[in-house]
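I am opening my notebook on a structure that is new to me. I want to look up its sheet, one helix pair and its empty spaces.

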Amino acid sequence: MTETREVVLKRLNKRLAAISDVGSANSVLFWDQQTYMPKGAIVGRAEQMATLSRLAHEMLVDSETDRLLDAAGDPDPEIVEGALIRRARRDHEKATRLPSRLVEELSRATALAEPAWAEARANSDWSRFAPHLEKIMPLQREVAESLGYEDHVYDALLDGYEPGATKARLEVMFDELKAGIVPMIRAISSENGGDRAALLHGEFDEATQERFGEEVATSFGYDWEHGRQDRVVHPFCLNLGPGDVRITTRFDPDWLSPALFGTMHETGHALYEQGVDPSYARTPLANGTSMGVHESQSRLWENLAGHSRPFWSCFYPRLRSAFPEALGGVESEEFYSAINAVSPSMIRVEADEVTYNLHIVLRFELEVALLEGSLSVADLPDAWNAKMEEYLGLTPKNDAEGALQDVHWAAGLFGYFPTYAIGNVLSVQLFDEAVKNQPGIPDAMRSGEFSALLGWLRENVHRHGARYYPDELVRRVTGRPLETGPYLRYLNDKYGELYDLTR
Ligand code: ZN
C-alpha cells in the first residue's frame, strides 16, 4: 500500500514531535542541574543527559526519518510546510554526519567540564579546567571535520549557531566594528570623566532587586503563566517545551547592575521564545532561528529599551523609591550617565555597550586559533592576557578574570561567541526599523508602555520562530542584509552626546 502525502507528513510530524520532546526532557535536566541539583548528582546526571542526547540523535538520523523526509519532497520554503521540511532536513543532515559515539562523548565531556570550570574559576586555577578543555578540543575538531565546511574548519561549528555565517564574513564585520569603536574608546578615555558608574555600587537588598526585576520583566511582556525565574551562577533563558520558557538570574547585594540588566536581557530572549507561533510547537520551527537573532532580542530589550532615557524617565522614580538610601540623592540624568558609563573592563558580561564587542573579537580570534591548533590549551591564558592588553589596555590579575570567566568553552560552545556581536549589530537595525514603522514607540516607552514595540517584534520576528534563516529574516524585515552602519551610528550618537565627543 502506498502512503499518501498526507500520511507521510503526519508520520514525519509525529516523529519530529517525539524528537522535540526528548530534547525538552534534556532541557529540564539541564535546567535542574544549573539551579537545584545537589552537587553529588553530577556524574549520574551527566550520564542521563548523554543518554537523552544519544536517543534524540538516533531518532533524528534513523533511516525512517530519512525515508519520510525523502517522501515529503521539497515544497517551497516560503510556505510553512516547506520551511519546516527544510529545517528538519538541515537538522537531519547535520546529525547524520555526526557519529552517535561522538555526540555522547562530547555531551559527557562537557557535563563533567562545567562543574570543573566553576571550581577552577572560583579558585582562579587554570590547571583544574585545562585537562577538561584538552579533552574537549579534539572532540570539537572531530565534530567540525565530520560536519564539513567549504572554506574554514571554524565555519562548520559557526553554522550550528548562525546558519549561513562564515569566518570570512565575520572578519569583515569585526574589522568594521574595530575601525568604528577603537577610536571612540580612545576619545572617551581621554575625556576622563571619573567613575560615573560608582553609584551603582552600594547596598541593594536582594529581595527588592528581585521584585523590581520582576516588575520590569512583566512590563516588557514576559508571561509568568508560562515561565519562572530562578537563581544560577551564569544566567540563561531556556525553552523547556511548549508553554514553558524560563529565565534565570544572579544577584549581587552590593551592585545593582548584574541582576537588573541581566533580567532584562534574559527576558528579551524569553519574549522571542514565548512569541513563536504556537502552531509550531514540537516542530523544528518552535525556537528562535539563530543565536545571533536571539541575541538581537535580548540586547534590544537590555540596551535599546533598558539603557535608554525614555525607559528610565518612567522607571527611575520607581527604582529610587525602591532603594531610597542608595539612590535618594541621585538625579535621573546622573543615573542614566552611570548605567551608560564607558570603561574598559576585564569581564565581558559586565562590559558597556562600546567595549563589549572587543571582548567578542578576542574570543573569536582565540577560539579560531584553538580549533586550528595554532594555540595550545596550556598557552591560552597568556594569549588571552596579551589580547586584553592589545584591545582594552588591561591585564587580568588572574585567570578567573581572564580565560576562565566564561562557561562557553566548558560547555563545548565553540563558534557561539560571534553571535553576541551579530546580536548587538542586529538589535539596532531591527529597533530602527521598528521605530520607523511605529514612530510612537519612544513616547510609549516614556510612559512604561512596551506593547507597541513587543507587538512589532512579535509580528515581524518572534512569531516566525525558525521559519526563515537569519539572512532571509533580516532582509524581509529591514530590506537590507545585516550591516554595521546603523549600529555604529547609534553608538556615535549616544556616546558622542554622553561624552561630549562632537567638538
Ligand atoms: Zn543572551
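My entries on this predicted model follow.

**Entry: the sheet**

I started with the strands. Which order do they take in the sheet? I found three strands in an open sheet, ordered 1-3-2. The pairing is mixed. I then looked up the edges. Strand 1 covers 229-231 and strand 2 covers 237-239, and these are the edge strands. Each of them pairs on one side only. I also checked how neighbouring strands are turned. On average the angle between them is 25°, with direction ignored.

Next I followed strand 1 to its partner. Strand 3 spans residues 245-249 and runs parallel to strand 1. I noted three bridges joining the two. For Arg231, I found Thr249 in strand 3 as the bridge partner.

I asked what packs on this sheet, and the entry is helix 10, residues 257-274. Helix 10 touches strand 1, strand 2 and strand 3. Its direction makes about 170° with that of strand 3.

**Entry: a helix pair**

I moved on to helix 15 (residues 353-372) and helix 17 (residues 418-437). At what angle do they pack? I wrote down about 150°, with the axes 8 Å apart. Is their crossing left-handed or right-handed? I have it as left-handed.

I listed the residues that meet. Helix 15 brings Tyr356, Asn357, Ile360, Phe364 and Glu367. Helix 17 brings Pro418, Tyr420, Ala421 and Asn424. Sorted by class, this contact has six nonpolar residues, two polar and one charged.

**Entry: the cavity**

I turned to enclosed space. How many cavities of 30 Å³ or more are there? I counted one. The largest cavity holds about 40 Å³ of space.

I looked up the lining of the largest cavity. It includes Gln209, Phe212 and Gly213. Leu256, Ala259, Leu260 and Thr263 are also among the lining residues. Leu319 and Phe323 line the cavity too. Helix 9 (206-220) and helix 10 each supply at least two of the lining residues. So helix 10 comes up again here; I had already noted that it packs on the sheet. By class, I have six nonpolar residues in this lining, three polar and no charged.

**Entry: the second largest pocket**

My last search was for open space. I noted a volume of about 420 Å³ for the second largest pocket. I found 19 residues in its lining. Which of them lie nearest its centre? They are Leu304, Ser308, Phe431, Tyr490 and Lys494.

I then checked the helices around this pocket. Helix 11 (291-305), helix 12 (309-322), helix 17, helix 18 (441-446) and helix 21 (485-498) each supply at least two lining residues. Which helix gives the most? Helix 21 does, with six residues. I closed with the classes: 10 nonpolar, three polar and six charged.

Conventions
Residues numbered from 1 in each chain as written. Predicted model: local features only at pLDDT ≥ 70, side-chain atom pairs only at ≥ 80, totals over all residues. Heavy atoms only, no water. Pairing = 2+ DSSP bridges. Helix = DSSP H or I, 4+ residues; strand = E, 2+ residues; numbered from the N terminus. Axes fitted to C-alpha atoms, helices over the stretch in contact; angles between N-to-C directions. Contact = heavy atoms within 4.5 Å. Left-handed = near helix turned anticlockwise from the far one by under 90°. Nonpolar A, V, L, I, M, F, W, Y, C, P; charged D, E, K, R; others polar. 1 Å grid on protein atoms, 1.4 Å probe; cavity = no way out; pocket = protein on both sides within 12 Å on 5 of 7 lines; lining within 4 Å. Points joined across faces, edges and corners; volume = space filled by probe spheres on them.
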